[in-house]
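Trainee: I am new to this structure and should be grateful for a close look at one part of it. Would you please describe the surroundings of the ligand, and then place them beside the other spaces in the protein?

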Amino acid sequence: MKHTDIKNLLGTKAENQEVTVCGWVRTSRNSKSVAFIEVNDGTSLKNIQVVVDKSADTDYKVARVGTSVKVTGVLVEGRNNTVEINALPSGVEILGTCPEDYPLQKKGCTMEYLRTMPHLRGRTNTFNAVWRVRSVLASAIHKYFQQNNYVYVNTPLITGSDCEGAGEMFNVTTIGYSAEYKSEEEYYANDFFGRRAGLSVSGQLEGEMAAMAMGKIYTFGPSFRAENSNTPKHLAEFWHIEPEVAFAELDDVIEIAEDMLKFVIRELLDTCPDDMKFFDAHFEKGLVARLEELISNDFGRVTYTEAIRLLQESGENFVYPVEWGCDLQTEHERYISEKVFKKAVFVTDYPKEIKSFYMKQNPDGKTVSAVDLLVPGVGEIIGGSEREADYDKLVTAMKERNMNLDLYSDYLDLRKFGSVPHGGFGLGFERLIMYTTGMSNIRDVILYPRTVGSIR
Ligand code: 4AD
């Protein structure tokens, strides 16, 4: 179907040229002699207005809200410096009618209500803007890494090893468990892969293998977590960006994370000014100014030990008690970033007991070279570390966790054959979108959210 993107028309000068657009009717006003229809095709937050002269177009059938149309007409100057289309006689072709029970008839539907119709909610201004921002952020992330000589790798989604060791892997199986099998081993031996397999919680371990050949790599794909966390920031399937860098220590990892975030947010502000203004007006007052401030200042930095002290001395009544060794909960993370630093802050050097086996052990014997980035409103959006590059130390940490070393022989080999200091981080893509749009529920920044107890 030959037609022009509405976005491209909105940016041009109207010189009475004939144009054709396709889209869905957002609003429709009808009087005796003239009809006004606002059409949106998803290329821009803004609709284009189509004016139908009903005296010239006696066949015109009212295009109801939700109807899909192909419009041919003349592009003219409209009010408020906009362009609009004067439809030619019979210029409004109805491609798909839309009956009265179209659920997006009325304005002001709640987010909860819209979540019940993931197949239609993209036709609202809000979700139209979210999907566009998501796309622009993804492109900016690739641009950042490509410009900086990182190699994009695709790590496997089906895996035999649990990277984070938190027991949150979904099983991948083609047979149901049955009492026929005498043991778990026998059951898995009969399964598709001949051993236990699951959906990857992180591409890091394979990413490390690629980085040990290519120097700098990144992944951008889905990760899966069977976390029983019914919260506004947890998904069972989320998109994960994981750079991994050879010849890098924790400070380098932190520098890359800050530089990358500033780059992608700058790109977003420059590429999507209308969408960002929309989020600022409807979801978080001052959003654009907050992001501008974020990218023009250094992020904060604090050790875990110091963060615990700040929390203990805060006088706040936290639901979860704070003591050295505890995992930071969202309420703690938000206090540190929102109340203490009032900006994005890196927390480093966590107790080894609450972090993963692969993190570099610090000389104090108690902490590891880990880093989380906490941001106001969301909490943690990045988790990373320098990796343990020493074979013996890594093996000891794995044994302490009762891990089956045979499953990680490739990973251990990397410490045998030309091991180097290296590190990386994981950025939760949906959490980045929440942070940059002011959307407060992760279910509203992904097309089809998968959460505990809910799949569609
Ligand atoms: O902190 P996490 O668990 O770190 C890792 O997976 C490391 N292997 C990353 C690495 O070093 N390469 O997860 C990283 C980020 C979190 O900071 C969060 O933004 C996101 O992934 N994330 C989730 N996002 C949505 N839903 C969930 N259930 C998430 N779990 C983690």
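Mentor: What follows begins with the ligand and then turns to the cavity, the second largest pocket and the domains. Please keep in mind that this is a predicted model.

The shell around the ligand is made up of 25 residues, and the closest of these are Glu-164, Gln-204, Arg-225, Glu-242 and Glu-380. By class, eight residues of the shell are nonpolar, nine are polar and eight are charged. Three strands each supply at least two residues of this shell: strand E10 (237-246), strand E14 (379-386) and strand E15 (422-428). Of the elements, E14 gives the largest share, namely five residues.

Individual contacts can be followed atom by atom. In the side chain of Glu-242, a polar atom lies 2.8 Å from a nitrogen atom of the ligand. Glu-227 also takes part through its side chain, where an N or O atom is 3.0 Å from a nitrogen atom of the ligand. With Phe-425, by contrast, the backbone provides the N or O atom, which lies 3.5 Å from a nitrogen atom of the ligand. Taken alone, the ligand exposes 630 Å², and the protein buries 94% of that area.

Two residues already mentioned lead on to the cavity. Arg-225, which is among the residues closest to the ligand, also lines the largest cavity, as does Glu-227. The rest of that lining consists of Ser-229, His-234, Leu-235, Ala-236, Thr-451 and Val-452. The lining divides into three nonpolar, three polar and two charged residues. The volume of the largest cavity is about 40 Å³, and the count of cavities of 30 Å³ or more comes to one.

The second largest pocket holds about 560 Å³ of space. It is lined by 23 residues, of which Lys-106, Lys-107, Gly-108, Thr-124 and Asn-125 are the closest to its centre. Strand E1 (18-30), helix H2 (111-115), helix H3 (125-147) and helix H7 (273-282) are the elements that give two or more residues to this lining. The largest share, four residues, is from E1. In the lining of this pocket, ten residues are nonpolar, nine are polar and four are charged.

The domains complete the picture. The protein is divided into domain 1 (6-102), domain 2 (121-166 + 201-444) and domain 3 (167-196). Domain 1 and domain 2 each contribute at least three residues to the lining of the second largest pocket. Between the centres of domain 1 and domain 3, taken over C-alpha atoms, the separation is 57 Å.

Note on methods: Residues are numbered from 1 along each chain as its sequence is written. This is a predicted model: local features need pLDDT of at least 70, side-chain atom pairs count only at pLDDT 80 or more; totals for chains, interfaces and linings use all residues. Side-chain values use heavy atoms; hydrogens and water are left out. On a 1 Å grid over the protein atoms alone, a cavity is a set of points where a 1.4 Å probe fits but cannot get out, and a pocket is an open set with protein on both sides within 12 Å along at least five of seven lines; lining residues have an atom within 4 Å of a point. Grid points are joined across faces, edges and corners, and a volume is the space filled by probe spheres set on the points. Ala, Val, Leu, Ile, Met, Phe, Trp, Tyr, Cys and Pro count as nonpolar, Asp, Glu, Lys and Arg as charged, and the others, Gly among them, as polar. Domain bounds come from an automatic or database domain assignment. A residue is near a molecule or strand if one of its heavy atoms lies within 4 Å of it. A polar contact is a pair of N or O atoms within 3.5 Å; within protein, one must be able to donate a hydrogen and the other to accept it, and residues adjacent in sequence count only if both atoms are side-chain atoms. Accessible areas come from the Shrake-Rupley method with a 1.4 Å probe; for residues, only the protein chains shown count as cover.
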